[in-house]
Amino acid sequence: MDQKVIVDIFGEKFSLKTDQDPEYLKKLAAVVDKEMRAASRQVNNLSGARVGALAALKLADEYFQLKKDFDELTELVRKR
């Protein structure tokens, strides 16, 4: 059953629906908000869209690094 969740990301409220635990969606939003705020502190005078793009790149980099590490670990375990 979908639940409505309101989250705040970079000063904007978003009303979202989720079929997962609402707290999980709130945690995701908090991570995005944190990354956007960090990006905005590093580079002044950027629009929200540009700050969002920088934050997305940072999160994508973290994801790909973790996936690479996971794949390498999985390969090591498979070889044993």
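**Group meeting talk: one core and a few salt bridges**

Okay, let's begin with Met36, which sits in helix H1. Before I go on, keep in mind that this is a predicted model.

So, is Met36 buried or exposed? Its relative accessible area is 9%, and anything under 20% counts as buried, so Met36 is buried. What does Met36 touch, if we skip residues up to four places away in sequence? The list is Ile9, Phe10, Gly48, Val51, Gly52 and Ala55. And here's a distance you can check on the screen: from Met36 to Arg50 you go 14 residues along the sequence, and the two C-alpha atoms are 9.4 Å apart in space.

Now let's zoom out to the core. Met36 belongs to the largest nonpolar core, which has nine residues. The other members are Val5, Val7, Ile9, Leu25, Ala29, Ala39, Val51 and Ala55. Which elements supply at least two residues each? Those are strand S1, covering 3-9, helix H1, covering 22-42, and helix H2, covering 48-79. H1 gives the largest share, with four residues. If you remember one general idea here, nonpolar side chains in soluble globular proteins tend to be buried together.

Have a look at Ala39 as well, another member of that core. Leaving out residues up to four places away in sequence, Ala39 touches Val51, Leu54 and Ala55.

Right, on to the charged side chains. How many salt bridges does the structure hold? Eight. I'll show you a few of them.

One joins the side chains of Asp8 and Lys13, at 3.2 Å from N to O. Asp8 is partly exposed, at 33% relative accessibility, while Lys13 is exposed, at 61%.

Another one pairs Lys58 with Glu35, and their closest N and O atoms are 3.9 Å apart. This pair ties together distant parts of the chain, with Lys58 in helix H2, Glu35 in helix H1, and their positions 23 residues apart. Glu35 counts as buried, at 13% relative accessibility, whereas Lys58 is partly exposed, at 40%.

Lys58 has a second partner: Glu62 forms a salt bridge with Lys58 too, with the closest N and O atoms 2.4 Å apart. Both of these residues lie in helix H2, four residues apart, which is about one turn of the helix. Glu62 is partly exposed, at 34%.

Put those together, and which residues end up linked in a network of salt bridges? Glu35, Lys58 and Glu62.

That's my tour, thanks for listening!

Methods
Residues numbered from 1 in each chain as written. Predicted model: local features only at pLDDT ≥ 70, side-chain atom pairs only at ≥ 80, totals over all residues. Heavy atoms only, no water. Core = buried A, V, L, I, M, F, W, Y, C linked by side-chain atoms within 4.5 Å. Buried < 20%, exposed > 50% of the residue type's maximum accessible area, 1.4 Å probe, protein only. Contact = heavy atoms within 4.5 Å. Salt bridge = Lys/Arg side-chain N within 4 Å of Asp/Glu carboxyl O.
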